Amino acid sequence: MKVVVCVKQIPDPATPYTLEEGTYWLIRPEAQVLDDGDRYGVEMGLQIAEKNQGTVTLVSMGPSGSGQGIRQALAMGADKAILIEDPSLRGSDALTTARALAAAIEREGFDLVIAGTESTDGYSGVVPQMLAELLGVPALTFATQVEVATGTITIHRQTADGYDLVEATLPAVVAVTAGVVEPRYPTFKGIMDAKKKPIEDPSLVDLGIDASSDQKVASIVDAPSRTGGRKIEDDGEAHLAIVELLEERKVI
Amino acid sequence: MASVFVFVEQDGDRPSNLGLELLAKARTLGEVTVIYLGKGESTNLLGEHGASRVLLADPGSRLPAAPVAAAIAERVTSEKPDLILLGQAYTDRDIAGRLAARLGVGVLSNASDIRLVDGSVETDHEILGGSMIATATSSMGPFIVLIRPKSFVAEAIGGPAPAAETLELPDTGPAEATITGSHAEEREGPQLGEAAVVVSGGRGLGSVEAYGMIEQLAKQLGAATGATRAIVDAGWVPYAKQVGQTGKTVKPDVYIAAGISGAMQHLVGMKDAKTIIAINKDPDAPIFSVADLGVVGDVHKVLPKLIEALSAR
Ligand SMILES: Cc1cc2nc3c(=O)[nH]c(=O)nc-3n(C[C@H](O)[C@H](O)[C@H](O)COP(=O)(O)OP(=O)(O)OC[C@H]3O[C@@H](n4cnc5c(N)ncnc54)[C@H](O)[C@@H]3O)c2cc1C
Ligand SMILES: Nc1ncnc2c1ncn2[C@@H]1O[C@H](COP(=O)(O)O)[C@@H](O)[C@H]1O
């Protein structure tokens, strides 16, 4: 079974994000980390591959930089990676991203594609659905539980007040939520092995795509801001201030 | 006049609130056609909220996204609407993504406002926890826009019953999936998205048992209970209670945050509450920057006293 996991390298969320003047594109440093939300997809992929004599291929689009984020995912146990990088892909919107990923995935072949529900830095939240449409397969999204049997996949799909059971035949795309599985930590051996694992870098010509996004950010302004009000230290009586405010607001 | 398609999901026996919010905006932008997902009940309400036509899409037990996106794409090709509005919600996102890929156009996600300007679209997006607003533009239509819940206020304007017709859903073959069952979490008290008062807890509660205090306080106030992603991921409470960027957007009269740091992904979901009360032991917690009343203290001391004071009344 061929499992492909979409992973994104992002600037470390613990550092302040900076935007390029004029385009408002996110400035991506050399050293990017694996998007935390994609660790769940990698773990899911590894578990499914382990149970089904499969392989796990990572696919990523974006500037490689030091490649540290990709190595993180390889160190968890994925077999190899495909990294699509091209200057013309800078500032790509979700559709351009999905087209690049889909082209690489189609070229590689797949039974199951796994993605996250939304990326931490872009959170357009539609790349997996676009991928599924481009690949002509179902998108099983918002998955909180995933079961793969011979030729079929069943998930729990989050709904506003619970979940639906959704079933489809493979091949398919599944988009997993954080918490779907507990991601493993790379072992020392995993980290050493990752250094030797192949990272392919196909060109846009190899993939038969060109990049064009028509969405632009025109401006960024400060939002009308909400300011904090009164702050009090609890001296054992702070609950009374809450009661008072609730009375004032006619909640009680 | 612009032509606007609006996706509305049926919730219970009537259009969802999110759908009616979208209509409040859509009717100011042009002539409105609703794509109505579900059994097709209460279409009159859609008319009262400004729809002049309704296309009924009932996929039954088929997962809606693939067939509905295919059907909308056909209509888009023949009718050429300027704009397709959907909500930032599960099925909406699935349909928007597939539809965009089919039509070869982009999706503007997470918009909080929208304007049509000389054949282009302009959308506003709250970024960095709502501290900044980015305005995006796109000139290649049809524009597909996902609007965050609570961006507009649903209001009936008393329009006539709309013309209704069935939207045929094509067989999308290998892209089909089936819904084989459904499970709803038990819920006490009002719905999180609609409640006038919301009491939410975060990791600062320390344990799943301590969430009992949140439930008790909510009961006393007739409030809905909410949570941060941290404690949803930890399995303390079901996802249906998550407030924030990837959970629900709430706009209650009063929001009480207990043991919540105030990460930007949480703030975007609740910072528009009329009054915010926060309890956190860290005086520098970001939640205090939006709180009308901030109590620097231990939830294990403040909450029990608050609950006791309220039950003594
Ligand atoms: C793509 C993405 C989407 C996300 N979407 C969401 C979302 O929709 N909703 C969401 O909530 N989060 C979301 N998050 C997660 C978010 O970034 C935070 O991690 C999360 O909100 C933190 O939850 P918390 O406040 O409960 O926990 P923490 O950040 O750990 O905060 C706990 C707080 O409790 C305080 N505390 C500790 N002990 C006590 C005590 N005894 N008494 C009083 N206070 C105490 C601490 O001072 C601290 O401020 C998202 C993250 C990403 C990357
Ligand atoms: N540039 C990218 N490279 C690889 N995977 C991506 C990329 N962008 C998005 N994805 C995948 O799509 C999911 C949703 O992303 P988004 O639509 O950007 O919110 C992510 O969790 C990733 O799994």
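Which exposed residues does the face of α8(B) turned away from its buried side carry? Keep that question in mind while we walk through this predicted model, starting with chain A and its ligand and then moving on to chain B.

Chain A contains seven helices and 13 strands. Along the principal axes, its C-alpha atoms fill a box of roughly 65 × 45 × 40 Å. Of the 252 residues in chain A, 51% are buried.

Ligand 2 is a good place to stop. It has 20 residues around it, and those that come nearest are A:Met61, A:Gly116, A:Ser119, A:Ser124 and A:Gly125. By class, this shell has 10 nonpolar, seven polar and three charged residues. Four elements of chain A, namely β4 (55–61), α3 (94–108), β6 (112–116) and α4 (127–135), each supply at least two residues of the shell, and β4(A) gives the most, with three. Look next at the backbone: a polar backbone atom of A:Met61 is 2.9 Å from a nitrogen atom of ligand 2, while a backbone N or O atom of A:Val7 lies 3.5 Å from a nitrogen atom of the ligand. On an oxygen atom of ligand 2, the partner is a backbone N or O atom of A:Val127, at 3.1 Å. Taken alone, ligand 2 exposes 480 Å², and the protein buries 97% of that.

Now turn to ligand 1, which lies between chains A and B. Here 26 residues form the surroundings, with B:Arg203, B:Thr228, B:Thr246, B:Ser261 and B:Gln265 the closest. The shell counts five nonpolar, 16 polar and five charged residues. Oxygen atoms of the ligand take part in several short pairings: 2.6 Å to an N or O atom in the side chain of B:Thr228, 2.7 Å to a backbone N or O atom of B:Arg203, and 2.9 Å to an N or O atom in the side chain of B:His266. Ligand 1 on its own exposes 990 Å², of which the protein buries 82%.

Three helices of chain B, α6 (229–233), α7 (264–270) and α8 (299–311), each supply at least two residues of the shell around ligand 1. That brings us to α8(B). At 1.5 Å a residue, its 13 residues should span 18 Å, and this agrees with the 18 Å between its end C-alpha atoms. Buried in this helix are B:Val299, B:Val302, B:Leu303, B:Leu306, B:Ile307 and B:Leu310. These residues cover an arc of only 125 degrees around the axis, so they sit on the same side of α8(B). And the opening question? The face turned away from that buried side carries the exposed residues B:Lys301, B:Glu308 and B:Ser311.

Terms used
Residues numbered from 1 in each chain as written. Chains lettered and ligands numbered in written order. Predicted model: local features only at pLDDT ≥ 70, side-chain atom pairs only at ≥ 80, totals over all residues. Heavy atoms only, no water. Near = heavy atom within 4 Å. Polar contact = N/O pair within 3.5 Å; in protein donor to acceptor, adjacent residues only side chain to side chain. Areas by Shrake-Rupley, 256 points an atom, 1.4 Å probe, with all protein chains shown as cover. Nonpolar A, V, L, I, M, F, W, Y, C, P; charged D, E, K, R; others polar. Expected span 1.5 Å × (residues − 1). Buried < 20%, exposed > 50% of the residue type's maximum accessible area, 1.4 Å probe, protein only. Arc of directions from axis to C-beta.
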